[in-house]
Amino acid sequence: MPLDRMIEKARRLLEKGRIEHVGDGVYNVVGDHGTYVVARGFDGTVSCSCPGFIKKRRCSHSLAVIFLTRGVTLPTSKGRSK
Ligand SMILES: [Zn+2]
């Protein structure tokens with residue numbers, strides 16, 4: 001999946017409130033195909049239990065948690081005036 005699409009998906013997860021903080025840097029993320037567990041380490045790295053992350057070391061769920069915990073205001077690819 002291209003990074004742009006992954007960011008877009010992560011943003012949607014945030015907007016829809018699909019991320020639940022279950023404690024100690026652990027989050028449940030309700031994805032399109034199931035609920036995954038994202039854990040954040042002390043060094044700020046995240047890991048996810050989904051197959052995509054296990055294969056590619058990145059996914060929209062872990063990205064969404066990174067965005068959430070950093071309080072990043074995500075850029076929108078659309079809606080900019082002209
Ligand atoms: Zn994932």
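Select strands E3 and E4 to begin: three bridges join E3 to E4, and the two strands run antiparallel. Strands here, like helices, are DSSP runs numbered from the N terminus, with at least two residues (E) for a strand and at least four (H or I) for a helix, and two strands count as paired if DSSP finds at least two bridges between them. Within this pair, look for alanine 39, which stands opposite serine 47 in E4. Then follow the hairpin of E3 and E4, where five residues lie between the strands and glycine 44 takes a positive phi near 90 degrees.

Before going further, keep in mind that this is a predicted model, in which local features need pLDDT of at least 70 and side-chain atom pairs count only at pLDDT 80 or more, while totals for chains, interfaces and linings use all residues. Residues are numbered from 1 along each chain as its sequence is written.

**The rest of the sheet**

Next, select E2 (residues 26–31) together with E3 (residues 34–40), which run antiparallel and are joined by six bridges. A hairpin of two residues links E2 to E3, and glycine 31 stands opposite glycine 34 in E3. Elsewhere in this pairing, tyrosine 27 is the residue opposite valine 38 in E3.

Tyrosine 27 also leads to the next pair of strands, since histidine 21 stands opposite tyrosine 27 in E2. E1 and E2 are antiparallel as well, with four bridges between them. Their hairpin has two residues between the strands, and aspartate 24 in the turn has a positive phi of about 55 degrees. Select aspartate 24 alone, in the loop between E1 and E2: this residue is exposed, because 7 other C-beta atoms lie within 10 Å. The cut-offs are 12 or fewer such atoms within 10 Å for exposed, 20 or more for buried and anything in between for partly exposed, with C-beta atoms placed from the backbone. A distance line from the C-alpha of aspartate 24 to that of alanine 39 should read 8.3 Å, although the two are 15 residues apart in sequence.

Now show the four strands together, as an open sheet with the order E1-E2-E3-E4 and antiparallel pairing. Its edge strands, each pairing on one side only, are E1 (19–23) and E4 (46–48). On average, neighbouring strands of the sheet are turned by 25 degrees against each other, direction ignored, where axes are lines fitted to C-alpha atoms, for helices over the stretch in contact, and angles run from 0 to 180 degrees between N-to-C directions.

**Tyrosine 36**

Which strand holds tyrosine 36? Tyrosine 36 is found in strand E3, and it is buried because 20 other C-beta atoms lie within 10 Å. If contacts are taken as pairs whose C-beta atoms, placed from the backbone, lie within 7 Å, and residues up to four places away in sequence are left out, tyrosine 36 touches Val29, Gly31, Cys48, Ser49, Cys50 and His61. For a distance to check, the C-alpha atoms of tyrosine 36 and proline 51, 15 residues apart along the chain, are separated by 9.7 Å.

**Helices and core**

Show the whole chain again: three helices and four strands run α-β-β-β-β-α-α from the N terminus on. Select H1 first, whose 13 residues reach 18 Å from first C-alpha to last, close to the 18 Å expected at 1.5 Å a residue, the expected span being 1.5 Å times one less than the number of residues. Just after H1, glycine 17 takes a positive phi of about 65 degrees.

Move on to H3, where Ser60, His61, Ser62, Leu63, Ala64 and Val65 are buried; the buried residues of H3 pack against H1, E1, E2, E3, E4 and helix H2 (51–56).

Finally, select the largest nonpolar core, a set of buried Ala, Val, Leu, Ile, Met, Phe, Trp, Tyr and Cys residues joined through C-beta atoms within 7 Å. Of its 14 residues, Ile19, Val29, Val38, Cys48, Ala64 and Val65 touch the most other members. The elements that give two or more residues to this core are helix H1 (3–15), E2, E3, E4 and helix H3 (60–70), and H3 gives the most, with three residues. End on valine 29, which touches Leu13, Arg18, Ile19, Thr35, Tyr36, Val38, His61, Ala64 and Val65, not counting residues up to four places away in sequence.

How values were computed: Contact = placed C-beta atoms within 7 Å.
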